[in-house]
Amino acid sequence: MNEQLIKQIEKLKAQRGAVILAHNYQPGEIQDLADFTGDSLGLSIQASETDADVIVFCGVRFMAETAAILSPEKTVLLPEKSAGCPMADMINAEQLRRLKKENPDALVVCYVNSTAEVKAESDYCCTSANAVEVVQSLPEDKRILFVPDQHLGQFAAEKTGRKLVLWPGYCTTHVLITTDDVRSAREKYPDAIVMAHPECNEPVKELSDELLSTGQMLKFAAKNRGKRFIIATENGIIHTLKKQNPESEFFPVTERAICPNMKKISLDKIISSLQEMQFKIKVPESISIKAKKALDKMVEILPEK
Ligand code: SF4
């Protein structure tokens with residue numbers, strides 16, 4: 001059944017001159033058929049560099065918006081229009097404008113998991129892969145507002161020694177991971193390395209061995225072949241980790257770490273998306289020009305790892 005659907009997708013893709021980008025948290029079958037998989041930073045770079053006319057973005061809305069801003073001449077499709085990110089919706093442009101008014105000389109760093117309107121109000125964007133390097137690159141005498149993820153902000157603050165004003169946003173999936181989950185996984189697999197995403201809460205991060213974005217987890221696993229790993233992030237990444245490292249073992253820290261929005265994309269929806277050219281993601285020029293300045297800085301400042 002899936003094979004037929006995949007063939008149909010291949011055919012439609014060729015007809016439309018489309019490329020399929022899939023985030024590391026997508027269902028395994030979608031990651032397998034994608035032309036490129038990756039984390040937000042990797043996919044943003046792919047979106048800005050591809051020659052294809054159409055980008056089918058298998059992820060959530062802010063990712064498709066980012067692709068549309070970086071490649072305004074391309075058609076960007078999100079196969080399921082309700083695939084959003086609760087964290088991105090935890091701050092809006094009006095709230096950010098108010099925060100800026102209260103801190104008139106501050107610079108704003110916003111996590112890419114944010115709406116286009118919020119990016120347009122920000123000076124810099126970052127991903128979980130380069131938040132530390134972006135914060136580090138800013139003048140030391142400047143106050144920094146970090147939105148919307150308090151946990152990534154806290155991680156960047158600790159790594160850089162900078163004091164950040166943190167917006168109290170969070171990822172509704174990563175906060176489901178608890179210290180009890182980490183402790184019991186360690187008891188079960190005492191020799192395993194715990195890799196956690198910086199979106200996890202601070203007590204979970206303290207119990208972990210490595211704090212990495214999903215792209216960095218893939219690189220770290222490749223450098224440590226044959227080992228066992230406990231994974232504290234959205235479980236979709238385990239599919240690719242296993243595929244790329246068949247000699248290693250990967251265990252989810254909890255089965256609860258599933259992002260329902262990421263799982264809204266299906267093979268059928270990709271077919272409808274390519275057939276109907278839906279759902280087109282467009283960002284008004286007045287917003288995209290400003291948001292692109294912040295995103296360009298994100299793509300320029302590459303992570304050290
Ligand atoms: S995993 Fe968290 S941050 Fe990522 S899309 Fe889902 S809710 Fe948003």
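When I say that two residues are in contact, I mean that heavy atoms of the one lie within 4.5 Å of heavy atoms of the other. Please also keep in mind throughout that what we are looking at is a predicted model.

With that in hand, let me start with a single residue, Glu 121, which sits in the loop between helix 6, residues 116-120, and strand 6, residues 124-126. Which residues does Glu 121 touch, if we leave aside its neighbours within four places in sequence? The contacts are Ala 93, Leu 96, Arg 97, Lys 100 and Val 108. Is Glu 121 buried or exposed? Its relative accessibility is 12%, and because buried means under 20%, Glu 121 counts as buried.

Let me turn now to strands, and here a general point helps: strands of a sheet pair through backbone hydrogen bonds, and they do this either parallel or antiparallel. Strand 3, which covers residues 54-58, is mostly covered, with five of its five residues buried. Val 54, Val 56 and Cys 58 point one way from this strand, while Ile 55 and Phe 57 point the other way. Strand 3 pairs with strand 1, residues 18-23, in the parallel sense over five bridges, and within that pairing Leu 21 has Phe 57 as its bridge partner. Strand 3 is also joined to strand 4, residues 75-77, by three bridges, and these two strands again run parallel; here Val 54 is partnered by Thr 75 in strand 4.

Further along the chain, four strands form an open sheet with parallel pairing, in the order 10-9-11-12. Strand 10 and strand 12, the latter being residues 249-252, stand at the edges and have a single partner strand each, so one side of each is left without a neighbour in the sheet. Helix 12, residues 237-244, packs on this sheet, where it touches strand 11 and strand 12, and its direction makes about 170° with that of strand 12.

Within this sheet, strand 9, residues 193-196, sends Ile 193 and Met 195 one way and Val 194 and Ala 196 the other, and all of these are buried. Four bridges join strand 9 to strand 11, residues 228-232, and Ala 196 stands opposite Ala 232 there. Strand 9 also pairs with strand 10, residues 210-211, over two bridges, and Met 195 has Glu 210 as its bridge partner.

Finally, let us consider helices. Two packed helices are described by the angle between their axes and the distance between the axes. For helix 1, residues 2-16, and helix 13, residues 267-276, the axes come within 10 Å and cross at roughly 25°. Because angles under 35 degrees count as roughly parallel, that is how we describe helix 1 and helix 13, and their crossing is left-handed. By class, this contact has eight nonpolar, three polar and three charged residues.

The second pair is helix 3, residues 40-49, and helix 4, residues 61-70, whose axes come within 8 Å and cross at roughly 35°, with a right-handed crossing. Ser 40, Ser 44, Ala 47 and Ser 48 in helix 3 meet a group in helix 4 made up of Phe 62, Met 63, Thr 66, Ala 67 and Leu 70. Sorted by class, the contact of helix 3 with helix 4 holds five nonpolar residues, four polar ones and no charged ones.

Methods. Residues numbered from 1 in each chain as written. Predicted model: local features only at pLDDT ≥ 70, side-chain atom pairs only at ≥ 80, totals over all residues. Heavy atoms only, no water. Buried < 20%, exposed > 50% of the residue type's maximum accessible area, 1.4 Å probe, protein only. Pairing = 2+ DSSP bridges. Axes fitted to C-alpha atoms, helices over the stretch in contact; angles between N-to-C directions. Parallel < 35°, antiparallel > 145°, perpendicular 65-115°, else oblique. Left-handed = near helix turned anticlockwise from the far one by under 90°. Nonpolar A, V, L, I, M, F, W, Y, C, P; charged D, E, K, R; others polar.
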